[in-house]
Amino acid sequence: MPSRDARPIEAQNYERANLAKTDFESDYSIVLPDGSIKHVHNVGHPVLNESGDTREFVGTVIDITERKRAEDKIRKVVDTIPTLAWCNLPDGPNEFLNKRWHDYTGLSTEESTGWGWQVAFHPEDLPPLMKKMARVVDLREPGEIEARLRRFDGVYRWFLISVEPLHDQDGRIVRWYGTSTDIEDRKQAEDRLRQENVALRRAEEKIRGQEAEWRQMLEFTPQLVRVFGPDHERIYANRIGLDYLGVSLEEWRKIRDMCEFVHPDDGDRMRASFDRARPIGAAFELEVRLRKADGSYRWFLVRYNPVRDELGRIARWYVASTDIEDRKQAEERLQRENVALREEIAKASMFEEIVGASPALQRVLSRISKVAPSDSTVLITGETGTGKELVARAIHRRSDRSSRAFVSVNCAAIPRELIASELFGHEKGAFTGATQQRLGRFELATGGTLFLDEVGELPPETQIALLRVLQEHEFERVGGSRPIRADIRVIAATNRDLQAAISSGSFRSDLFYRLNVFPLEIPPLRDRKEDIPLLVEYLIDRYARKAGKSIRRINRKSLDLLQSYPWPGNIRELQNVIERSMVVCETEDFSIDESWLSRQPLVTEPKNHLELSQKLAAQEKEMIEAALRETGGRVFGPSGAAAKLGMPRSTMESKIRSLKINKNSFKT
C-alpha cells in the first residue's frame, strides 16, 4: 500500500490512465509494518472489456529501494558540484535541477519543473535559447549557447549552457544532461576588450587622418622646411621650399653643396655654423640670404634642430627657414628713421607732457635736467595727482638708460603678501600657486629704470629687501638662493610724509636715506595757477581730437572759475573735469558746470602731525606690550598676542622690531 503522502498522487495516476486507456508508470514509497520504508516502481496496464471500458489493471510492482539510495547519493554529488546542473526529458521539458540551480535562481522545484525554468532567463535571450535547444534536439547532438540567467536578487549574469544527450542500448535519447557555467567576468572582459579594440581602431584612423593632415600642413607651411641626415645628406624638402628654389625633390636631393642656394657672402658663415654645431649636436640659427627661382635673394632666419636616436647619436637635422626680408628692410628703415627722430625729439622739449611755464614748475624742470644724465636714485614727493610718474618718465627719457625699459610699480595696489614676488619674482613651487618661474619687476627693468610709486606703502619685510638691493645691487627671487645682479636705476615717489612714517615706526630710516639721494618735490596745482590756462588748452585739444569735436573758444567765466579753484586733486582732477565737459559739450564753445567743482575746504596736514604720530606709536606699543603680558610672551599661535589683537604674524613681528619691544621680558 502506498504511503499516506503518495496515495493521492497514485490515485491521480490511475484516474488519468483509466480515462486515457493507456499504460502508466510511477514511483512511490511504502511503509512496512516494522516502520521501514521501501521504494517501488509501479507499472500498470489497463484491461478493456468488449465495450472498450477498463475492466481492470494488471501490472508489476518492483522494489527499487537500492536504486533510490544510489540515486540519492548521486543527487547529493550533483547538488554539491560547483556548477548549475540539470536534466531534461528527451523532448525538452525539465526533469531535474540541482540545488545550486535553485539556490541561484530562487525558484522552487514546483516553479521550475517542466517548462517553468524559462522564467529565469533574460527575455531577450530566451527566443534564441529555445531555437538552439530545438535544433540540438532535432540534430541529436551536443551543443552550447550563451544566455543571461536571473539571480535570486533580480541581477542577470551571463552563463555558458552546455548540453549532452544520453542514449539507451538502441541509440534512442532517453535524457539530456547539461550544465550552466557563470561567464559574466569573461563577458565583461570581452566587452572591455571589444570597446578597447573599437577605440584603438578609431585612434588609428584618427592618427592616419592627422598624419595626412600634418603632411599637408607641412607641405604648405609658409616656411622652407627641410630634413637632412647627420652629415647634411638631403632627405626631404616641403612643397613651399621646392617652389621657392625652383627645383623638384629629386633634383634637390642630388645637390651636394650645402650652400648651393646661399648668397656667396653668407656661405662661409653658414658652413662655419654647421661645423661648430655638428660635433656636439647643438641647435643653432642664423640669418642668411637664399636664392629664389628667378635668381633674386631674400633674407631668411634659418633654424637647425637636431634629433637623436636611442643611443644619443644625431639621426636627423630638422631645418625651418622663415622669410624675414620685410623685417630686415623695416629694420633698416627704422634705424634710419630712429636717428632722425632722436635728433628731432632732442630739439623739441623733453617735457612734452609736462605743460607749464610757472617759476615753481621751471625750478623742478631745471632739477630734472641736472639729475637725468646721472644714475642717482631720485625720491619724488608731492600730493596725489601732481604728475609724479610724468616726472619719473622725463628723467628716464633724458638718461643714458632711455633706450631700455621703464617699468612702473604701484606699491599700494599690490597685496602685501604678493609685493615681494611682484618686485623680485619667484621660483616654481616657492609658494602655493607658484606653478612656474616668474620674473619680477627688478629683472624686467634690467638696464633701464624702475619706478616705485607709493613707496611709503611697502610692508616692513619688503623694505628690508629693497634696502639690500639699493646697498648691494643684487637680490634673490622668492624661493630662490641664487643672487641676481641688479643693473637698474630706482626712482621712487610718494604722497606720504616719510619723516612722520619713520617716527611712527612704519618706514625704515635707513631706506629713506638710500632713496632720498636726490629729492624732487612737485608743487601742487594751486601753487602754479599761472599754468592752468596752458593746461586747459592742452587738455581740451587732446580730448577734442579724441572725441572728434572742434573747440574754437573757451568760455571766459569757465576759465576764471578754473583758475580760482584750489584743485585738491591737482592735475588729475583738472583732467577729469575737462574730459567730462568734453563729453557733454555740444557747441564750439568750451564751458564747465560750476557744480562739478567741490567747494569743501582743503584738508591740510596738521602742524603737530609729528606729535600725533608719536602718540599713536606709544599707544600701539602699550597695546602690544599688554597683549604680550597676558599671553606670557607668546607671539604666535591661537593663544598668542597676534591672534589676540587680530594682527597677522608678520605684521606683529615687524611692529615688535620697529617699536623696540623686548618680547622675552614677558615670558613666564
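Tutor: Two strands are said to pair if DSSP finds at least two bridges between them. With this definition we may examine the model, which is predicted.

Student: In which order do the 5 strands of the open sheet stand?

Tutor: The pairing in this open sheet is parallel. Strand E15 (406-410), for example, pairs with E16 over 5 bridges, and Ser-408 stands opposite Phe-451 in E16. The order of the 5 strands is E15-E16-E19-E14-E20.

Student: Which strands stand at the edges of the sheet?

Tutor: A strand at the edge has a single partner strand, so one side of it is left without a neighbour in the sheet. The two strands to which this applies are E15 (406-410) and E20 (518-521).

Student: What angle does the direction of helix H11 make with that of E20?

Tutor: Helix H11 (residues 359-371) packs on the sheet, where it touches strand E14 (378-381), E19 and E20. Its direction and that of E20 make an angle of about 155°.

Student: How far apart are the end C-alpha atoms of helix H15?

Tutor: Helix H15 (residues 460-472) has 13 residues. The expected span is 1.5 Å times one less than that number, so it should be 18 Å. The model agrees with this expectation, for the end C-alpha atoms are apart by 18 Å.

Student: Why are the buried residues of H15 said to lie on the same side of the helix?

Tutor: The buried residues are Thr-462, Gln-463, Leu-466, Leu-467, Val-469 and Leu-470. They lie on the same side of H15 because the arc they cover around the axis is only 160°.

Methods: Residues are numbered from 1 along each chain as its sequence is written. This is a predicted model: local features need pLDDT of at least 70, side-chain atom pairs count only at pLDDT 80 or more; totals for chains, interfaces and linings use all residues. Side-chain values use heavy atoms; hydrogens and water are left out. Helices (H or I, at least four residues) and strands (E, at least two) are DSSP runs, numbered from the N terminus. Buried means under 20% relative accessible area, exposed over 50%, partly exposed in between (1.4 Å probe, protein chains only). The arc is that of the directions from the helix axis to the C-beta atoms. Contact means heavy atoms within 4.5 Å. Axes are lines fitted to C-alpha atoms, for helices over the stretch in contact, and angles run from 0 to 180 degrees between N-to-C directions.
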